[in-house]
Amino acid sequence: MIKWKLLFVGRDGISPELPFFIEWDESDEWRKQDLEKSNAIADHPIGDIALESIGFAVENGAEIAASWSELLGVKVGNSFIDRELDATGYPLLIPGGNFIFYEPNVNGKVESFLQTKGEKPFMVQFSGGERKTINFSGALYRFG
């Protein structure tokens, strides 16, 4: 039997919606061992990769990063320009994988995503593996 608890921390009117949290009824160590035993966690064919960040397309990155920082009790990192996305990134520093709020600078990938899908996650970035970006089913996956 699998047991867990869910926590929703959102407030009305927050965009993008805050994530929910899952607390499993067993320890992280036990869950990891069980997932490895069932091959749900296994070596990836492209090499040793790890989650680096989740990218969100947003209208006002600095404001959203500050708001989520306060709600989640995590620090905001230094903003940066991502030339491939034509956007400014505002990272929240979270162990296990940062959240980065990308605000468009010009008509690029983030602006296009915002116009068609609204404020929400649009990219997963992994460390390791060959450096490349894959567009799959409307989302971006970055490696390297």
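**Exercise 1. A network of charged side chains**

In this predicted model, Asp 82, Glu 84, Lys 109 and Arg 142 are joined in a network of salt bridges. Determine where Glu 84 and Lys 109 lie, and what their salt bridge ties together.

*Solution.*
Step 1. Begin with the contact itself: the side chains of Glu 84 and Lys 109 form a salt bridge with an N to O distance of 3.5 Å. A salt bridge requires these atoms to be within 4 Å.
Step 2. Glu 84 is found in the loop between β5 (80-82) and β6 (87-93), whereas Lys 109 belongs to helix α3 (residues 109-117), so the pair ties together parts that are 25 residues apart in sequence.
Step 3. Consider the surroundings of each partner. Glu 84 has 34% relative accessibility and counts as partly exposed; Lys 109, at 38%, also counts as partly exposed.

**Exercise 2. A bridge between two strands**

A search of the whole structure finds six salt bridges. For the one formed by Lys 5 and Glu 23, identify the elements that it links.

*Solution.*
Step 1. The closest N and O atoms of Lys 5 and Glu 23 are 3.7 Å apart.
Step 2. Lys 5 is in strand β1 (residues 4-8) and Glu 23 in strand β2 (residues 20-24); with their positions 18 residues apart, the pair links distant parts of the chain.
Step 3. To classify Lys 5, apply the cut-off for exposed, which is over 50% relative accessible area. Lys 5 has 56% relative accessibility and therefore counts as exposed.
Step 4. Glu 23 has a relative accessible area of 48%, so this residue is partly exposed.

**Exercise 3. A bridge within one helix**

Explain how Glu 36 and Lys 32 are placed relative to each other in helix α1.

*Solution.*
Step 1. Glu 36 and Lys 32 form a salt bridge, with 3.9 Å between the closest N and O atoms.
Step 2. Both residues are in helix α1 (residues 28-37); because they are four residues apart, about one helical turn separates them.
Step 3. Glu 36 is partly exposed at 36% relative accessible area, and Lys 32 is partly exposed at 46%.

**Exercise 4. The largest pocket**

Describe the lining of the largest pocket by residue class.

*Solution.*
Step 1. The largest pocket has a volume of about 150 Å³.
Step 2. Its lining consists of Pro 19, Phe 20, Phe 21, Leu 51, Ile 54, Ile 94, Pro 95, Gly 96, Gly 97 and Phe 99.
Step 3. Sorting these residues gives eight nonpolar, two polar and no charged. Glycine counts as polar here.
Step 4. At least two lining residues come from each of β2 and β3 (50-57).

Key:
Residues numbered from 1 in each chain as written. Predicted model: local features only at pLDDT ≥ 70, side-chain atom pairs only at ≥ 80, totals over all residues. Heavy atoms only, no water. Buried < 20%, exposed > 50% of the residue type's maximum accessible area, 1.4 Å probe, protein only. 1 Å grid on protein atoms, 1.4 Å probe; cavity = no way out; pocket = protein on both sides within 12 Å on 5 of 7 lines; lining within 4 Å. Points joined across faces, edges and corners; volume = space filled by probe spheres on them.
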